[in-house]
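Okay, thanks everyone, let me get my screen up. I'll walk through this one by pairing and packing, and you can follow along in the viewer.

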Amino acid sequence: MGNFPWEVILAVLGVVVPIIAALYEFVVFGRKRLGYRVQMDTTATEEVHSEYAGALQELCRADGTPLADPSFVLLRIENNGAIHIDTSDYAVLDDDKVGIRVRFPGRRVAGMVVTELSDTFLRHSFGDGSGLSVRDGVIELPKVPMNRGAHYKVLAALERADETTPGAAPRGEFDPPEIIGGIKGGVGNGGVQETQSRTGTSWQAVTLICFLVLVILGQFGLTLGEDDTAAPLDCATGHLTLTGSTAFAPVLREASDAYAETCPDATFTLDARGSHGGLDELDRVGRESGSESPGMLAFSDGPATAEHARLRQRPIAFSLFTLVVSEEAGVERLSLDDVRRVFTGEVANWSDVGGHDVPVRLVGRLTNSGTRSTFERRVLDNESEPPLTSQDCRRLLEGRGGVVRCEVEGTAQVLDTVARVDGAVGYSAVGEAEEHDDELVLVQIDGQDASLEAADLGTYPFWETEYAYTYGEPAADSLAASFLRYLTNEVGQDIVRSHDHHPCAQLRNPLLCQPETGENAPAVR
């Protein structure tokens, strides 16, 4: 009968069946889906007397009369569909501002607050005139635009409805909340699906798992006994020098060690000399060797200038940076304007920006630093840092005036200097700075921590794309090409994330990782 390609058939089935299951979920249950969870529904009545009950014994209405059989409900509203929900996606109710109503059979609402917003921009959906209200004992929630996975919570204080009211429940016994409204054409309770956790597993999931287990066992049986002596996937041999950014050096050190452990015929040298120095070295080595792949990669905080015309860039990660200041300065947050005043020498004492009476001492980087270029462009608005005035970061050079400003070689030297010099301030990649947060302070800018979410939303300014550079185009089977693929695969991305850098694919807006063009294009000088 010949060799029938059972391996191919099993592989195709293993791919096609989960895709069909996913499409079934996508089409039948909908791309846009609004869900809710009742995370708490409990009474506040006293079954056992406690001397610690305190204010719980005195729950009252606005007029001071006690609540009748009080209870509390915590309700979570969430977008558990596949895509964004807009205000126009909500079903039409009798009030065009209201997207959801929540009834509590047998109870009426005594008070309500919206809490735990997953995204700060959700706050704007609950302002005056938004549709948020309590009317006739029913909570009315506005039409809230929600990104995929976004949620907010509603905490309601309730009391038993008057026993003469139709549907009033016996003391301490209440039906669960009822949700009215939701998404047009939605499933579940009037367009809102309950998504509370369940301890069981659906028969569909069990069937799919059993099928995939059979596929895996079938493939294992077909391949059992085969000679499989090939080298690990995508292993290359040779020696590779990694140069450039000191901010990205910890990632390169761990990634190269992990690669060499998997592929023992590969060796690496790490030469972190700053972004500009690394680009210059790669360009020099490439020109002298005349090779398209001279056994070197350069990494840079931001893209290179046009003088490196033979270098080819690849975006690797989205890097966040932060200001760091000595604890003695007494500063935890600065406005962007204050940061610029400090680093241009206008502020000589931290007391001028809300800190302690301690002189400002600026710790900068050398001109070959990509982190410095990023700081000057994105934080100082293309202004240069002031001239060098000190060698030891403590005292002014003879004949120099103004604020003390020194320059050090790398990120580690910045962090060490800021930690030991009173009033010192500098800048660093976030990952390395957080390792020293017991001896220096990471400064908020305009009230924002250095976070991926804030940078993605445009509310945090100090970030840059980390690029890898080759001289020309390396051969596909070269160690340079293999290591670049390793950095962008699953293992490499885990290493990138572990040092508080972020793979470009992780961004809500991956275009932030692409180089800018035109007059505002950044360049490592």
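So, let's start with a strand pair. β13, which covers residues 311–326, pairs with β18, residues 440–445, in the antiparallel sense, with four bridges between them. If you want a spot to click on, take serine 326: its bridge partner in β18 is leucine 440. Before I go on, one caveat: this is a predicted model.

Now stay on β18. Which strand pairs with β18 in the parallel sense? That's β14, residues 333–334, and there are two bridges in that pairing. Arginine 333 is the one standing opposite glutamine 444 in β18. So β18 has an antiparallel pairing with β13 and a parallel one with β14.

Next, over to β3, residues 98–103. Is this strand largely enclosed or not? Five of its six residues are buried, so the rest of the structure largely encloses it. β3 has pairings with β6 and β8. With β6, residues 138–142, it's antiparallel over four bridges, and there isoleucine 100 has leucine 141 as its bridge partner. With β8, residues 178–181, β3 also runs antiparallel, again with four bridges. On that side, look for arginine 101 opposite isoleucine 180. One reminder while you're looking at strands: in a regular one, side chains alternate between the two faces of the sheet.

Okay, rings. How many aromatic pairs does a search of the whole structure find? It finds 15. Let me show you tyrosine 259. Its ring and that of phenylalanine 268 have centres 5.7 Å apart and planes at 85°, and anything over 60 degrees counts as edge-to-face, so that's what this pair is. Both tyrosine 259 and phenylalanine 268 are buried.

Tyrosine 259 also pairs with tyrosine 486. Here the centres are 5.4 Å apart and the planes sit at 90°, so this pair is edge-to-face too. What I like is where the two tyrosines come from: tyrosine 259 is in helix α3, residues 249–262, and tyrosine 486 is in helix α10, residues 479–488, so to speak a link between distant parts of the chain, 227 residues apart. As for burial, the cut-off is under 20% relative accessible area. Tyrosine 259 comes in at 3%, so it's buried, and tyrosine 486, at 11%, counts as buried as well.

While we're on α3, here's a quick geometry check. With 14 residues at 1.5 Å a residue, the helix should span 20 Å, and the end C-alpha atoms are indeed 20 Å apart, which agrees. Its buried residues include Ala249, Pro250, Val251 and Leu252, along with Ala255, Ser256 and our friend Tyr259.

Two more aromatic stops. Phe321, Phe343, Phe375, Tyr427 and Phe462 make up one aromatic cluster. And arginine 378 lies over the face of tryptophan 463, 3.7 Å from the ring centre.

Let me zoom out to finish. The protein has 11 helices and 20 strands. Of its 525 residues, 43% are buried. If you take contacts with a separation of 6 or more, 78% of them are between residues 24 or more positions apart. And the exposed area is about 26700 Å², with carbon and sulfur atoms supplying 52% of it.

That's my tour. Happy to go back to any view.

Terms used. Residues are numbered from 1 along each chain as its sequence is written. This is a predicted model: local features need pLDDT of at least 70, side-chain atom pairs count only at pLDDT 80 or more; totals for chains, interfaces and linings use all residues. Side-chain values use heavy atoms; hydrogens and water are left out. Rings of Phe, Tyr and Trp (its six-membered ring) pair if their centres lie within 6.5 Å; planes under 30 degrees apart count as stacked, over 60 as edge-to-face and the rest as tilted. Buried means under 20% relative accessible area, exposed over 50%, partly exposed in between (1.4 Å probe, protein chains only). A charge sits over a ring if NZ of Lys or CZ of Arg is within 6 Å of the ring centre and within 35 degrees of the ring normal. The expected span of a helix is 1.5 Å times one less than its number of residues. Two strands pair if DSSP finds at least two bridges between them. Contact means heavy atoms within 4.5 Å. Accessible areas come from the Shrake-Rupley method with a 1.4 Å probe; for residues, only the protein chains shown count as cover.
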